[in-house]
Amino acid sequence: MPSAAPSFELLPGAARSPVILHVPHAARDLPDEVRAGIVLDDEALARELDHITDAHTDRLAEAAAGRAAVRPWRFVNRLSRLAVDPERFPDEREEMRAVGMGAVYTRTTHGAALRPEGFEAGPLVERYFLPYARAMTRAVTERLAATGRAVIVDVHSYPSHRLPYELHGDGTRPPVCLGTDSFHTSPRLLDAAREAFGETGLDSPFSGTYVPLEFHGLDARVEAVMVEIRRDTYMTEPGGPAGPGLERLAGALAGLVDAVSR
């Protein structure tokens, strides 16, 4: 698998846009040194990537950016979350450690071993997680300096049927789940997301949203909402092609961008 691709990319938007479309889980690429630490054979790894990747969400964000009246910025992870998951806490604060899915996963979506027992996560955190966090912090800082605020729209997808790793998968699975933060998701932002996407649910089956730790719970100028799109609404599950729903959802995401850019 490729090893030369950059691990993340900030794609510029309009200078006056406060919006960052954050796309952390769309990629399947793994550097050779990361692949070497995974115990799955190539066939099993491909199946795991089908289940764990938020397929086509980078395309969705790109299409939405092209439609928006004020082009948003995009921060896109170019490596699979099986390298590191940039949205997890890298320490004991992360509840997903209970199923082997902290910042560096050791178990698969179905509970099988992904990495060997006793795997040392520190080097991957240093190589991939920390630079990503620093770059996202810079991106938010730059939006604050340019516009006086920053709006992070976290773009994800999730399977139509619960996978074994899900800690809170017993609830509803709406076409679009909006993940919120009590400090960073303002009523205005939440209303705009509901208006843009139509049929939505709140914090089920996934909750919360991504805010760099430097701002989390501290700076109300940084707003954030997570958009979790159920995969059967726009693609063939688990890892198949996108369908016509992608364009419809891109229009809805562009509508959200436009509403919060004003």
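Strand 4 is mostly covered in this predicted model. Nine of its nine residues are buried. In a regular strand the side chains alternate between the two faces of the sheet. Strand 4 can be read with that in mind. A150, I152, D154, H156 and Y158 point one way. V151, V153, V155 and S157 point the other way. Residues on both sides are buried.

Next, look at the neighbours of strand 4. Strands of a sheet pair through backbone hydrogen bonds, either parallel or antiparallel. Strand 2 and strand 4 run parallel, joined by four bridges. Here L21 stands opposite V153 in strand 4. Strand 4 also pairs with strand 7, again in the parallel sense, over nine bridges. A150 has V222 of strand 7 as its bridge partner.

Now step back to the whole sheet. Seven strands form an open sheet, and their order is 1-3-2-4-7-5-6. The pairing is mixed. Strand 1 (8–11) and strand 6 (200–202) are the edge strands, each pairing on one side only. From one strand to the next, the twist averages 20°. Strand 2 (residues 19–23) has another partner in strand 3 (residues 73–77). These two pair in the parallel sense over four bridges. Within that pair, I20 stands opposite W73 in strand 3.

What lies across strand 2, strand 4, strand 5 and strand 7? Helix 6 (residues 245–261) does. Helix 6 runs at about 145° to strand 2. The strands it crosses include strand 4 (150–158) and strand 7 (222–230).

Helix 6 leads on to the nonpolar interior. The largest nonpolar core has 36 residues. Those with the most contacts inside this core are L21, L60, V153, F197, V227, L253 and L256. L21 and V153 have already appeared, as residues opposite each other in strands 2 and 4. Strand 2, strand 4, strand 5 and strand 7 each give two or more residues to the core, and so do helix 3 (57–67), helix 5 (187–197) and helix 6. The largest share, 10 residues, comes from helix 6.

L60 shows how such contacts spread. Leaving aside residues up to four places away in sequence, L60 touches V155, I229, L246, L249, A250 and L253. One of these, V155, is a buried residue of strand 4. There is also a second, separate core, with 28 residues. L40, L49, L82 and M101 are among them.

The open spaces come next. The largest pocket has a volume of about 990 Å³. It is lined by 47 residues, and the closest to its centre are E87, R88, E94, S207 and T209. Which element gives the most to this lining? Helix 4 does, with five residues. Helix 2 (42–52), helix 4 (122–147), strand 4 and strand 7 each supply at least two residues of the lining. Strand 4 and strand 7 therefore serve twice, in the pocket lining and in the largest core. A search of the whole structure finds one cavity of 30 Å³ or more. The largest cavity has a volume of about 60 Å³. Its lining is made of S7, F8, N77, L79, S80, A83, V84, P86, Y128 and Y132.

Some details of the backbone remain. Two of them concern prolines. The peptide bond from S204 to P205 is cis, with omega near 10°. P205 is found in the loop between strand 6 and strand 7. The peptide bond from E237 to P238 is also cis, with omega near 0°. P238 has its place in the loop between strand 7 and helix 6.

Two further residues have a positive phi without being glycine. H56 has a phi near 70°. It is found in the loop between helix 2 and helix 3. Is H56 buried or exposed? H56 counts as buried, because its relative accessibility is 17% and the limit for buried is under 20%. D203 has a positive phi of about 55°. D203 lies in the loop between strand 6 and strand 7, where P205 is also found. With a relative accessible area of 27%, D203 is partly exposed.

Conventions
Residues are numbered from 1 along each chain as its sequence is written. This is a predicted model: local features need pLDDT of at least 70, side-chain atom pairs count only at pLDDT 80 or more; totals for chains, interfaces and linings use all residues. Side-chain values use heavy atoms; hydrogens and water are left out. Two strands pair if DSSP finds at least two bridges between them. Axes are lines fitted to C-alpha atoms, for helices over the stretch in contact, and angles run from 0 to 180 degrees between N-to-C directions. Contact means heavy atoms within 4.5 Å. A nonpolar core is a set of buried Ala, Val, Leu, Ile, Met, Phe, Trp, Tyr and Cys residues joined through side-chain atoms within 4.5 Å. Buried means under 20% relative accessible area, exposed over 50%, partly exposed in between (1.4 Å probe, protein chains only). On a 1 Å grid over the protein atoms alone, a cavity is a set of points where a 1.4 Å probe fits but cannot get out, and a pocket is an open set with protein on both sides within 12 Å along at least five of seven lines; lining residues have an atom within 4 Å of a point. Grid points are joined across faces, edges and corners, and a volume is the space filled by probe spheres set on the points.
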